[in-house]
Amino acid sequence: MDPVIPSWRRQFPYGLEADEVVARREFLRYALLSSGALFIGSVVLAVLAPLQRRSAEPKAVARVNELRAGEARYFHYPGPQDEAVLINTRERGLVAYSQKCTHLSCSVVYQAERDRLFCPCHDGVFSPLTGDPVAGPPQRRLPRIVLEQRGDDIYAVDLTP
Amino acid sequence: MTGPARSRTGLGRDPEREIATPPGLQALLLAALAIGILMLSLQLWLLTVSLDLFLAGRGGEVWSLAFVSGLIFIGGLVALRLLSRGPQSRA
């Protein structure tokens, strides 16, 4: 008389020898699931990218000749929560950047005595001329604010990454 | 005192009921695993590059990376489908 085979055994007819084969197949399925998740992550970033760019109203940030060479002024642009800095550099005149450090979003400050933009959180340093990172952990340059002169006023008109 | 030998599943070994790995399948699965891990690493790297581009405001370039990532995913899907057909249907 044949022994009675339990139903679970019929549904899972693998012994120890075949156990590893099943484990690898399962692993491949999970790997495929992870692959799908990574693909979806890339697609989400691609979809969100166009929404990232915010348009903002032009905003007067200073008057012409108000800042002397080497001086800076802090303001908010494009939104009331977005900190920015306007610097009158000796070499290039007025430039403006977002104050948000591209490393971990701390606020960078302009240090006139060393002519640099400095992030106190992790000692990141940016060039005030270009906004490029020159020391510390940041890898990307500071977002630049486009300035425009209208009459006697300097306006912030756009934010470029 | 030792009892009867038991497997990890709590069952004694029953060679008649166990499925023997067909010749060549081991190597095929191992190759699939190695390539799969490599492709996953590549996808992870693509995602980090995408995130870097996204944060740098160059999101328009992310689509090409997402496309490559999608190709890898579809390749994995096809490979797993071929593997899951089993040795019987391939014979």
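This is a short tour of a predicted model, with stops at a sheet, some cysteines and a pocket.

**Stop one: a sheet in chain A.** Select strands 5 to 8 of chain A. These four strands make an open sheet in the order 5-6-7-8, with antiparallel pairing. At its edges you will find strand 5 (109–111) and strand 8 (133–135), each pairing on one side only. Look at the twist too: on average, neighbouring strands here are turned by 40° against each other, direction ignored. Now zoom in on strand 5 and strand 6 (residues 116–119) of chain A, which are held in antiparallel pairing over three bridges. Show Q111(A) and you can find its bridge partner, R116(A), in strand 6.

**Stop two: the cysteines.** How many disulfides does the whole structure contain? A search over all chains finds one. Select C106(A) and C121(A): their sulfurs are joined, S to S 2.1 Å. The link is left-handed, with -100° about the S-S bond. C106(A) sits in the loop between strand 4 (93–98) and strand 5, while C121(A) is in the loop between strand 6 and strand 7 (124–126), 15 residues apart. C106(A) counts as buried because its relative accessibility is 18%, whereas C121(A), at 41%, is partly exposed.

Next, add C101(A), which is in no disulfide; its nearest cysteine sulfur belongs to C119(A), 3.7 Å away. C101(A) is buried, at 2% relative accessibility.

**Stop three: the largest pocket.** Select Q52(A), P143(A), L159(A), P161(A) and L55(B), which lie nearest the centre of this pocket among its 30 lining residues. Its volume is about 880 Å³. The lining comprises 11 nonpolar, 10 polar and nine charged residues. Finish by colouring helix 2 (16–52) and strand 10 (153–160) of chain A and helix 1 (25–55) of chain B: each supplies at least two lining residues.

Technical notes. Residues numbered from 1 in each chain as written. Chains lettered and ligands numbered in written order. Predicted model: local features only at pLDDT ≥ 70, side-chain atom pairs only at ≥ 80, totals over all residues. Heavy atoms only, no water. 1 Å grid on protein atoms, 1.4 Å probe; cavity = no way out; pocket = protein on both sides within 12 Å on 5 of 7 lines; lining within 4 Å. Points joined across faces, edges and corners; volume = space filled by probe spheres on them. Nonpolar A, V, L, I, M, F, W, Y, C, P; charged D, E, K, R; others polar. Pairing = 2+ DSSP bridges. Axes fitted to C-alpha atoms, helices over the stretch in contact; angles between N-to-C directions. Disulfide = S-S within 2.5 Å. Buried < 20%, exposed > 50% of the residue type's maximum accessible area, 1.4 Å probe, protein only.
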